[in-house]
Amino acid sequence: MEFRLSKGHFLGLFCAVVWGATFISTKVLLEYLSPLQILFSRFLLGYIALWCLYPHRSPKYGRKAQLLFALAGFLGTFLYFLMENVALQHTTASNVGVLVSLAPLFTAAVSKLENPKLTLSLQFFVGAVLSFVGVLLIVFGDNMSLVINPLGDTLALGAAFVWALYSIVLNKLSVYKAPILVSTRTIFGYGLIFIVAGVLYADDFPWFRNLAKDRGLVKLNFLRIYSLCRPLQHVDDGGGNYRARSNRLIPVLSAGDLFSV
């Protein structure tokens, strides 16, 4: 059991490292593509790649499991990343990264509402607040030059709450013990249904020619790599709270990636 927890912690850290850099990649891509276009292209590429990695049909799940997969696809693939991408249009990547790091508190609050018997210690809340303050100090430095952008920051905060809901749904899906690549591919598939519906509604298809400019295609491929890393977050790592806690590293890593842009 200790080995599995250690493995889950390591993979969660790896996902946080990759995820922290995606804020900058998305920020660059928004110069060429709309938020929906980025969503559609990155998850379509990721979905195809997952089929290549595991070219086998998914097991048959009951209606309840399929509804949970669909809900996970809507929350974690469509709604969260749409809100994040739109937020990046209206605020800085550092702001988005910091606000997303509040996901652990939201996850704990939602878990408590779902299961009133769940005990949340004072140490948890003290640690969450201290870690958030630490993230602020690292990202914004001594001058604390935080620029408030109401629309973008509100969307980023909402995205953190959506991620908390997504973590709860993943915990419910864990009882089905689906292979990681299969469960992630299924979630991606349902998410793509919602994304395609949004793209069709917005008439947002004629876009690919913009990727030939500058670094657009490179950044899109990086986001595809991140999509392939996301299955690692589904490893049994001690629950949704740990998955959410690893998000605290994201703004720090995102701020560091600014130097490579």
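Me: Where is Lys177 found in this predicted model?
Reply: Look past helix H7 (150–173) and stop before helix H8 (180–202). Lys177 is found in the loop between H7 and H8.

Me: Is Lys177 buried or exposed?
Reply: The cut-off for exposed is over 50% relative accessible area. Lys177 has a relative accessible area of 72%, so it counts as exposed.

Me: What is the phi of Lys177?
Reply: Lys177 is not a glycine, and yet its phi is positive. The value is about 50 degrees.

Me: On to the core. Which residues touch the most other members of the largest nonpolar core?
Reply: That core has 48 residues. In general, nonpolar side chains tend to be buried together in soluble globular proteins. Here, the ones touching the most other members are Leu39, Tyr80, Leu173 and Ile195.

Me: Which helix gives the most to this core?
Reply: The elements that give two or more residues are helix H1 (2–29), helix H2 (35–53), helix H3 (63–90), helix H4 (93–100), H7 and H8. With 12 residues, the one that gives the most is H3.

Me: Which residues is Ile195 in contact with, leaving aside neighbours within four places in sequence?
Reply: Contact here takes heavy atoms within 4.5 Å. By that test, Ile195 is in contact with Leu36, Leu39, Phe40, Phe43, Thr77 and Phe78.

Me: What about Asp153 in helix H7, is it buried or exposed?
Reply: Asp153 touches Thr91, Asn95, Leu99, Val147 and Ile148, not counting residues up to four places away in sequence. Buried means under 20% relative accessible area. Asp153 comes out at 10%, so it counts as buried.

Me: How many salt bridges does a search of the whole structure find, and which side chains meet there?
Reply: Side chains of opposite charge can pair when their charged atoms come close. The search finds 1 salt bridge. At 2.5 Å, N to O, its partners are Glu114 and Lys172.

Me: How many residues apart are Glu114 and Lys172?
Reply: Glu114 sits in helix H5 (residues 103–114) and Lys172 in helix H7. Glu114 is partly exposed at 41% relative accessibility, and Lys172 is partly exposed at 39%. The pair links distant parts of the chain, 58 residues apart.

Me: Last one: what separates the C-alpha atoms of Val98 and Val133?
Reply: Val98 lies in helix H4 and is buried, with a relative accessible area of 3%. Val133 is 35 residues apart from Val98 along the chain. Their C-alpha atoms are separated by 9.8 Å.

Notes:
Residues are numbered from 1 along each chain as its sequence is written. This is a predicted model: local features need pLDDT of at least 70, side-chain atom pairs count only at pLDDT 80 or more; totals for chains, interfaces and linings use all residues. Side-chain values use heavy atoms; hydrogens and water are left out. Helices (H or I, at least four residues) and strands (E, at least two) are DSSP runs, numbered from the N terminus. Buried means under 20% relative accessible area, exposed over 50%, partly exposed in between (1.4 Å probe, protein chains only). A nonpolar core is a set of buried Ala, Val, Leu, Ile, Met, Phe, Trp, Tyr and Cys residues joined through side-chain atoms within 4.5 Å. A salt bridge is a side-chain nitrogen of Lys or Arg within 4 Å of a carboxyl oxygen of Asp or Glu.
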